[in-house]
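Reader: I'm new to protein structures, and I'd love a close look at one part of this one. Could you walk me through the charged pairs, and then show me how the rest fits around them?

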Amino acid sequence: MKKFILKYKYYLLIGLFILIFLVVVGIIAKDMFFSNGGDVYGNRLDGIENYKVSDEIKTKVIEELEKNEKVNTASIRIQGKIIYVNIDYTKEVSLDNAKEIATKSLQNFTDDIKKFYDIQYLLTQKEDEESEVFPTMGSKNVTATTIVWINS
């Protein structure tokens, strides 16, 4: 055995080095690529319990939107720190009017909610399948005061 070790000592050292390298790479890859069973959002939702969007606020926003005769339906969905507001308009509404109605709905959210949640708008017009301006999306980031609109 001693003879074998002396004869192949360089190959054994290289093999040992490769083995240690593979173990270290395996540990690093496990930490980087495989979940440890924690929260899907990591720590991004810390403090969300202090900024709950109550059903009362959701109902108020939806009712205010649906009061307008140019709005067919409205809905709100919250996922993580994003509030999704979907508004379906009647055939007669223009894109500028639709954006104005959506922007007014921001008034129904409290300042705390607007500073904690991003708000995403999806404006649709289901009655007019061939519309060139609908659907339109808008986004208000927590640091912004206005909605940024894009056509999709």
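Author: Counting side-chain nitrogens of Lys or Arg within 4 Å of a carboxyl oxygen of Asp or Glu gives four salt bridges. Please keep in mind that this is a predicted model. The general idea is a friendly one to start with: side chains of opposite charge can pair when their charged atoms come close.

Let's begin in helix H3, which covers residues 55-67. Here the side chains of Lys-58 and Asp-55 meet in a salt bridge, with 3.8 Å from N to O. Why can these two reach each other along the helix? Lys-58 and Asp-55 are three residues apart in H3, so about one helical turn separates them. Their surroundings are worth a look as well. Asp-55 is exposed, at a relative accessible area of 57%, whereas Lys-58 is partly exposed, at 24%. The cut-offs help here: exposed means over 50%, buried means under 20%, and partly exposed is in between.

H3 holds another of these pairs, formed by Lys-67 and Glu-64. The closest N and O atoms of Lys-67 and Glu-64 are 3.1 Å apart. Once again the spacing is three residues, so these two are separated by about one helical turn of H3. Lys-67 counts as exposed, with 60% relative accessibility, while Glu-64 is partly exposed, with a relative accessible area of 36%.

Now move along to helix H4, made of residues 95-104. In this helix, Glu-100 and Lys-104 form a salt bridge, at 3.6 Å from N to O. Glu-100 and Lys-104 are four residues apart in H4, and that also separates them by about one helical turn. Both ends of this pair are partly exposed: Glu-100 has a relative accessible area of 44%, and Lys-104 has 48% relative accessibility.

While we are at H4, have a look at what is hidden there. The buried residues of this helix are Leu-95, Ala-98, Ile-101 and Ala-102. Those four cover an arc of only 125° around the axis, so they are on the same side of H4.

From there, turn to the strands. Strand S1 (residues 71-79) and strand S2 (residues 82-89) run antiparallel, joined by eight bridges. You can follow the pairing residue by residue: Gln-79 stands opposite Ile-82 in S2, and Ile-78 stands opposite Ile-83 in S2. Between S1 and S2 the hairpin has two residues, and Gly-80 takes a positive phi near 65° there.

S2 also pairs with strand S3 (residues 118-124), this time in the parallel sense and over seven bridges. To find one of the contacts, start at Ile-87, whose bridge partner in S3 is Leu-123.

Next, go back toward the N terminus, to helix H2, which spans residues 9-33. A nonpolar patch on the surface is formed by Leu-16, Leu-19, Ile-20, Val-23, Val-24, Ile-27, Ile-28, Met-32, Phe-33 and Phe-34. Together these residues have about 1,100 Å² of accessible area. To get a feel for one member, pick Val-23, which lies in H2 and is partly exposed, at a relative accessible area of 48%.

Following the chain out of H2, you come to the loop between H2 and H3, where Gly-47 is found. Gly-47 counts as buried, with a relative accessible area of 18%. Which residue can you look for in space beside it? Try Phe-116: Gly-47 and Phe-116 are 69 residues apart in sequence but 9.3 Å apart in space, from C-alpha to C-alpha.

Finally, step back and see the whole chain. It has five helices and five strands, and from the N terminus on the elements run α-α-α-β-β-α-α-β-β-β. The radius of gyration of this chain is 28 Å, well over the 15 Å that the globule rule gives for 152 residues, so the chain is more spread out than a compact globule. Along its principal axes, the C-alpha trace spans about 95 × 40 × 25 Å. Of the 152 residues, 27% count as buried.

Definitions and conventions
Residues numbered from 1 in each chain as written. Predicted model: local features only at pLDDT ≥ 70, side-chain atom pairs only at ≥ 80, totals over all residues. Heavy atoms only, no water. Patch = residues over 30% accessible without salt bridge, like charges linked within 9 Å, V, L, I, M, F, W, Y side chains within 5 Å. Areas by Shrake-Rupley, 256 points an atom, 1.4 Å probe, with all protein chains shown as cover. Buried < 20%, exposed > 50% of the residue type's maximum accessible area, 1.4 Å probe, protein only. Pairing = 2+ DSSP bridges. Arc of directions from axis to C-beta. Rg over C-alpha atoms; globule rule 2.2 N^0.38 Å.
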